[in-house]
Amino acid sequence: MSRSPHPPPADVRAPGRATLALATLAVLVSAADTYVVVLALPDILTGVGVGLDQLQRATPIVGGFLLGYTATLPLLGRLADLRGRLPVLVGCLLLFALGSLLTATAVDLGPAVLGRGLQGVGAGGLVPATFALVADRWPPERRAVPLGVVGAVQEAGAVLGPLAGAAVLAVTDWRGIFWLNLVLGVGLAVALRVTGPPREGRDVVGTALAVLAAAALALQLGEPDALATDVTLGLAWVPLAGPGWTTPLVLVAVLATVGVLARSAAAAHPVLPLRGLPRLAREVDLLGAVLVVVALGSLVWAFAAADPASEVVAHGPVLLPLAAVAAVVFVLHERRTADPLVPLGDLRPVGAWGALLVNLLVGVALVAALVDVPLFARATTATDQLGAALVLVELLVAVPVGAVAGGWLCRVVGPRWVAGAGMAVAAVAFVAMGRWDATALDSWTSTAALLAAGLGFGLAVAPVSAVLLAVTPQRVHGSASALVVVSRTVGMLVGLSLLTAIALRRFTAAVAEIPSPLVTCPTSPTTCPAYEAATDAAVLTQLHTVFAGAAIAAALAAVAAVLLLRGPLPKR
């Protein structure tokens with residue numbers, strides 16, 4: 001495979017601490033948003049005209065975010081390598097903000113799905129760009145700890161997301177969540193632009209026009225009552241020529257955008273780097289980008305839209321072959337193109353593809369905990385949804401702790417041993433969960449198992465990224481970091497569908513063996529303790545099956561880590 005030499009990214013020099021702190025904060029905001037719909041989803045559906053009796057229509061809202069998050073990651077990682085980490089971070093934050101704006105103002109399902117999809121694209125590009133920034137600042141022997149910190153922040157989003165959503169919902173409606181995301185996204189983008197490498201001759205006029213366009217669009221979509229109902233100010237929302245898009249605000253947004261585009265074609269340091277677009281289009285491998293979006297998109301949607309009660313994948317006869325064909329054509333194309341989207345040649349070291357395999361298995365095991373621990377709490381206790389989520393928090397709070405600890409341990413112990421030990425601990429914890437009975441959550445041993453599982457998952461975070469970035473050249477760190485995220489996401493999707501399908505089959509088989517309450521309790525079939533006990537046992541069988549599958553996946557991840565995470569980091 002031939003390769004054309006590329007200069008390093010424009011901002012490949014070591015980033016400042018302020019830039020890294022802001023990038024890490026952006027990862028936290030986007031990670032929290034991934035889980036923010038957990039509590040708000042019913043309100044969101046009602047707000048966009050979907051009744052609570054049509055919960056199946058929520059799939060596009062959840063799947064749209066996941067599709068945007070996963071399918072575009074290789075492209076965004078490649079852009080971070082070609083055009084710099086900071087431009088990708090800023091651009092992704094602005095996309096995230098735009099998606100938040102569309103979701104906050106949506107009154108129909110379509111705009112809400114589009115908004116969540118754009119949020120997913122923006123959120124997905126933040127993680128690989130931030131990992132690449134860490135690799136730019138620290139040498140291999142010193143970057144495990146900061147990688148662990150970024151990983152810890154990303155995992156903390158699973159805890160903070162639902163809590164932040166609950167806090168916002170306590171004072172306003174669900175739209176407030178996305179208005180807050182809009183403010184945070186724009187604020188972080190501006191702050192990163194200010195703290196980034198200084199550039200002389202910045203296009204101040206173009207920046208002002210961009211702000212004007214964004215403000216006009218936000219006002220048009222948001223339509224705040226205090227302004228829109230004012231006798232004078234409300235004229236800004238009144239169409240000038242009949243169609244709704246001819247309001248003064250829309251026209252201001254369009255004219256300001258045209259001004260930004262015109263200045264971007266001529267300015268030395270424009271707001272939008274349009275001058276380099278033709279060359280960038282050639283370098284970024286657009287055909288490869290389309291193929292990988294089709295492959296990952298088909299795979300994500302096949303698993304995300306599946307109904308576990310009746311199928312492992314949705315539209316399997318269409319989506320799975322489409323994903324396979326696109327993947328094969330993509331690999332063949334990448335091996336022949338001079339400017340590949342995914343650096344397959346740089347992923348030949350065992351440590352590189354081994355890291356991706358380990359992370360895929362981690363994803364399979366992790367999703368079992370995220371889904372079935374709350375289900376176990378609901379099935380065996382009288383707790384509500386919030387109480388079940390708090391049980392899961394016992395596991396989630398240990399993940400960031402383990403991520404930081406794993407980064408520190410990589411400085412004194414080989415990364416493969418750290419990751420292997422972590423996933424072995426997680427496997428043992430899942431074995432213990434597989435033996436829980438209906439009273440297990442009343443004992444301290446359940447908390448110990450949950451904390452051990454979270455700690456084990458956390459210990460694997462830093463070693464996987466550290467080894468991958470140590471065995472790949474700097475020019476592809478953005479792409480390599482993107483693949484780390486893709487591998488775990490795909491593992492979670494596959495694991496969720498596969499483990500749930502197997503567990504449901506065992507549950508169905510167990511229920512089929514339960515005698516009818518008319519036989520067991522002929523005198524009082526409606527209140528039959530024996531029948532209820534047998535049904536509860538069948539539910540436990542289903543949950544134990546998932547925990548057993550997670551234990552197997554975690555054990556395989558431990559073995560793969562010890563055998564494949566080669567390329568030990570240099571000693572300090």
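This section describes salt bridges, a helix pair and a nonpolar surface patch in a predicted model.

The structure holds five salt bridges. One of them pairs R85 with D81, and the closest N and O atoms of this pair lie 2.9 Å apart. R85 also takes part in a salt bridge with D136, where the separation of the closest N and O atoms is 2.8 Å. The second pair connects distant parts of the chain, since R85 belongs to helix α5 and D136 to helix α6 (residues 109-137), with their positions 51 residues apart. R85 has a relative accessible area of 0% and is therefore buried. D81, at 3% relative accessibility, is likewise counted as buried. For D136 the relative accessibility is 10%, a value under the 20% limit, so this residue also counts as buried.

A further salt bridge is formed by the side chains of R475 and D346, with an N to O distance of 3.3 Å. This pair, too, links distant parts of the chain, 129 residues apart. R475 is located in the loop between α20 (461-471) and α21 (477-512), whereas D346 is located in the loop between α14 (316-336) and α15 (350-380). The two partners fall into separate accessibility classes: R475 is partly exposed at 37% relative accessibility, while D346 is buried at 11%. Elsewhere, salt bridges with shared partners join D81, R85 and D136 into one network.

The arrangement of helix α18 (residues 415-433) and helix α19 (residues 444-459) was also examined. The axes of these helices come within 7 Å and cross at roughly 155°. Because angles over 145 degrees count as roughly antiparallel, α18 and α19 are assigned to that class. The crossing of α18 and α19 is left-handed.

On the surface, L94, V186, V190 and V194 make a nonpolar patch of about 340 Å². Helix α8 (residues 175-195) gives the most to this patch, with three residues. L94, by contrast, is found in helix α5 (residues 85-104). The relative accessible area of L94 is 43%, so the residue is partly exposed. This value also satisfies the requirement of over 30% relative accessible area for residues that make up a patch. Helix α5 thus appears in two of the features described here, as it holds L94 of the nonpolar patch and R85 of the salt bridge with D136.

Terms used: Residues are numbered from 1 along each chain as its sequence is written. This is a predicted model: local features need pLDDT of at least 70, side-chain atom pairs count only at pLDDT 80 or more; totals for chains, interfaces and linings use all residues. Side-chain values use heavy atoms; hydrogens and water are left out. Patches are made of residues with over 30% relative accessible area and no salt bridge: like charges are joined within 9 Å, nonpolar side chains (Val, Leu, Ile, Met, Phe, Trp, Tyr) within 5 Å. Accessible areas come from the Shrake-Rupley method with a 1.4 Å probe; for residues, only the protein chains shown count as cover. A salt bridge is a side-chain nitrogen of Lys or Arg within 4 Å of a carboxyl oxygen of Asp or Glu. Helices (H or I, at least four residues) and strands (E, at least two) are DSSP runs, numbered from the N terminus. Buried means under 20% relative accessible area, exposed over 50%, partly exposed in between (1.4 Å probe, protein chains only). Axes are lines fitted to C-alpha atoms, for helices over the stretch in contact, and angles run from 0 to 180 degrees between N-to-C directions. Angles under 35 degrees count as roughly parallel, over 145 as roughly antiparallel, 65 to 115 as roughly perpendicular and the rest as oblique. A crossing is left-handed if the near helix is turned anticlockwise from the far one by less than a right angle, and right-handed if clockwise.
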